[in-house]
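Here are a few exercises to work through with the model open beside you. Try each task before you read its solution.

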Amino acid sequence: MKYSALKGVHDIFPPDIYTWHKIEGVAKDIFSASGFQELRTPIIESTDIFVRSIGETTDIVEKEMYTFTDKGGRRITLRPEGTAPVVRCYVENHLYNLPSPQKFFYSGPMFRYERPQAGRFRQFFQIGAESFGAGDPKIDAEILSMLKLFFERLGLEGLNFEVNSIGCEKCRPDYRNALRDFFAGRIDRLCPDCKRRYEKNPLRILDCKVDTCIELKEGAPHVTDFLCGECREHFDAFVSLLKLLNIPHAINPNMVRGLDYYTRTTFEVTCQNLGSQNAVAAGGRYDKLVEDFGGPPTPAIGFAIGMERLVTLVKSCSIDGIPAPAVFIAAIGAPGEREGLRIADQLRKKAVWVELGYAGNSLKSQLRRADRLSSKHVLIIGDDEIKSGRLKWKRLSDGSQGEIAISEVYDFFE
Ligand code: HAM
């Protein structure tokens, strides 16, 4: 019987894992410099948390959640995104009692039962960040600036920042009505999901991925034309701060996002090189969600980056070397193997990457392996070397070689 990974999930192994490490390291540095601290939440949560926040009529909740009943009869969901769990944690642990804004970042796997294709998986990873307690558009601009710096540090170019405001609960009813009026004459041609959404949540029709619905939404009213005075002021201030910080951006009045919890600012970072799944990061404000979860009124904003898409971009433009052993110790005979093992043990104590040859392999095959691993140096150790107390070393990159006392090996390699 042959086993294979499930559809839409994937293993991550060398050399790709080094790109993952690099991205995670840059994220930690850049996000920490803006005061975001790491938070780890569980991968499983009560299903209600997602239904309530992401919204009953969204694709994620209607079609994509991995939900099951556990042995205690609880409805449990593998998290499809990271914001709702962070909000749950913030409210449950009364983190709103700490000075605001409270800022967190997280990374880990998310699960959505989507149709797999390039850049779209059923298990995918996100790095996300969430800020609680500041409604000021300044923080919206700070977050976009942090994202821009993050992508720059990874050497990425050609990214587009698209921004929009989708208003608040005051402006939303008028916009919903305008959408219903617009789609009234087209209901018959909408997909069955959107027919339902027409009554319950017509905004979701704008996010539908069915071809006919995409055509039918052509010319639909823009949410930005329905913003109340305060939302308009907030959006204008945000956009002027983007200019101040030199963040090139486009206002995309069609961007409504696929999750219901957003209010006011929304944004996406896209890249043409990614093909049809071109959003590498996305986010926005969710000023009502903390209250919905039973906390005090707390404006909040955040984003999530799709790791697999980002890894593709970073790999396409970086020429980073793959890590390789600093030393390969080839041994001849049992005493040589014992001494080689002792030296490796010493060097590994100072985190030098050492590889060893193993019993039964000829010197030739050990050296071939050293070469395949792109080892930086090779040491050869046998009876003669042990007797003289001196080792031969060779640097594989330029072929240079020399001798060194066994007692000095520890200091020779960094
Ligand atoms: P989202 O737009 O659903 O937002 O996902 C954010 C990013 O995750 C996407 O732009 C994409 O790069 C990646 N992504 C989403 N689904 C998949 C998939 N099936 N396969 C591969 N990558 C995927 C959120 O998740 C919000 N929680 C973002 C947020 C945080 N808003 C406020 N705070």
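**Exercise 1.** Find which residues of α5 are buried, and check how far apart the end C-alpha atoms of the helix are.

*Solution.* Start with burial, meaning under 20% relative accessible area with a 1.4 Å probe, protein chains only. The buried residues of α5 include Pro 137, Ile 139, Asp 140, Lys 148 and Phe 151. Next, the length: helices are DSSP runs of H or I, at least four residues, numbered from the N terminus. Expected span is 1.5 Å times one less than the number of residues, so the 17 residues of α5 (residues 137-153) should cover 24 Å, and the 25 Å between the end C-alpha atoms agrees.

This is a predicted model, so local features need pLDDT of at least 70 and side-chain atom pairs pLDDT 80 or more, while totals for chains, interfaces and linings use all residues. Residues are numbered from 1 along each chain as its sequence is written, and side-chain values use heavy atoms, without hydrogens and water.

**Exercise 2.** Work out why Cys 231 and Cys 168 are not bonded.

*Solution.* A disulfide needs two cysteine sulfur atoms within 2.5 Å. The sulfur of Cys 231 has its closest cysteine sulfur in Cys 168, 3.5 Å away, so that is too far for a bond. Across the whole structure, the search gives 0 disulfides.

**Exercise 3.** Locate the partner of Lys 315 in a salt bridge.

*Solution.* Look for a side-chain nitrogen of Lys or Arg within 4 Å of a carboxyl oxygen of Asp or Glu. Lys 315 pairs with Asp 16, with closest N and O atoms 3.0 Å apart. Now place them: Lys 315 sits in α11 and Asp 16 in α1, 299 residues apart.

Note on methods
Helix = DSSP H or I, 4+ residues; strand = E, 2+ residues; numbered from the N terminus. Buried < 20%, exposed > 50% of the residue type's maximum accessible area, 1.4 Å probe, protein only.
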